[in-house]
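Trainee: Got a minute to look through this model with me? I'd like to get a feel for how the chain is put together.
Mentor: Sure, let's pull it up.

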Amino acid sequence: KVIHVGAAGISLIEEDPGELVLRAQHGWSQDFVNMPMRIPGGQGISGQVIAEDDVVVTGNLAGDERLAFPAFGDEPIQAQALAPMHARGKVIGILSVMSYSPYQFDDEEVAVLRAVADQVGVAIDNARLFETTCRQESRLGAILNSVADAIIAIDSGRRISLINHAAAALFDIDAEAILGIPLCDAPLHPRLLDGLRRALTHQHSQAITLFDVPMESGQCWSVSVSPVLGKGEAGQENGGWVVVLQDVSHLKETERIRTRFIQTAAHDL
């Protein structure tokens, strides 16, 4: 709508094979997305755009020796402009616009195309980052919920920010219901809460606090409280704490048996 052309396309650089691949098109007579147009890095007109990092304008492409994808020559294009798309300081692809009738791109249109290309590049890069973050969060969530140890994360404001399935089952609570509530109001075992309050009050910058929580059922849980450190404007800043509870009942029982054996042996001797 801004530039009076009949077709447009978006091609993205695939870093691993080093190819430029057409990912979206509009107004073309042939489908080069489902049967993707792949151009090896550094070849064709697109290679020139990336190498020069500037807009390239062409006329009629019939017989143009720079075509790296011969089938594209069947498109009756009379003029086109290709602009590099930038994100985070590098070229991530090309935005191209084409006319099926003779057309002259003026300087203002080239400037508009360059600006639009960079906006599209940033939008695509943000979408990729979002997808990557979602995948990482999903993978992290699967790992946290598959471990046998109970894990609770506390933010710098001493609110519950994460609790895995093992911790929710241990204290018979709804994990979603306690997210965001202050630690002091969390429906956790009183002995655990008391130990956590002491640990968070006396914790140093990078110290890990350890203590045991004996349960009425006879179980004993070893608790470690680790600070989450992040880089802030003033250097290392505490971003919260990670609490890990491990069932050490079998170790305590083994220690009791060992002590009893030593006492019995000493008595017999």
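**Strands and cores**

Mentor: Let's begin with one pair: Leu12 has Gly93 in E6 as its bridge partner. Do keep in mind that this is a predicted model.

Trainee: Okay, and which residue stands opposite Ser11 in E6?
Mentor: That would be Ile94. Both pairs belong to a longer match, since strand E1 (residues 7–14) and strand E6 (residues 90–99) pair in the antiparallel sense over 6 bridges.

Trainee: What about E1 and E2, how many bridges there?
Mentor: There are 7 bridges between E1 and strand E2 (residues 19–26), and that pairing is antiparallel too. One opposed pair is Glu14 with Glu19 in E2.

Trainee: And how many residues sit between E1 and E2 in the hairpin?
Mentor: The hairpin has 4 residues between the two strands, and Gly18 in the turn has a positive phi of about 70°.

Trainee: Zooming out, in what order do the strands of the open sheet run?
Mentor: The order is E3-E2-E1-E6-E5-E4, so 6 strands in an open sheet with antiparallel pairing. Strand E3 (38–40) and strand E4 (56–58) each have a single partner strand, so one side of each is left without a neighbour in the sheet. On average, neighbouring strands are turned by 25° against each other, direction ignored.

Trainee: Which strands does helix H2 lie across?
Mentor: Helix H2 (residues 107–146) lies across E1, E4, strand E5 (79–87) and E6. Relative to E5, H2 runs at about 45°.

Trainee: Switching topic: how many residues are in the largest nonpolar core?
Mentor: It has 29, and Ile152, Leu188, Leu192, Val223, Val225 and Leu245 have the most contacts inside it. Elements giving two or more residues to this core include strand E7 (150–155), helix H3 (165–171), strand E10 (220–232) and strand E11 (235–247). Helix H5 gives the most, with 5 residues.

Trainee: What is Ile152 in contact with?
Mentor: Setting aside neighbours within four places in sequence, the contacts of Ile152 include Ile160, Leu162, Ala167, Phe171, Leu188, Trp241 and Leu245.

Trainee: And how many residues does the other core have?
Mentor: That one has 19 residues and lies apart from the largest core. Among them are Ile13, Met37, Ile39 and Val91.

Technical notes. Residues numbered from 1 in each chain as written. Predicted model: local features only at pLDDT ≥ 70, side-chain atom pairs only at ≥ 80, totals over all residues. Heavy atoms only, no water. Core = buried A, V, L, I, M, F, W, Y, C linked by side-chain atoms within 4.5 Å. Buried < 20%, exposed > 50% of the residue type's maximum accessible area, 1.4 Å probe, protein only. Contact = heavy atoms within 4.5 Å. Axes fitted to C-alpha atoms, helices over the stretch in contact; angles between N-to-C directions.
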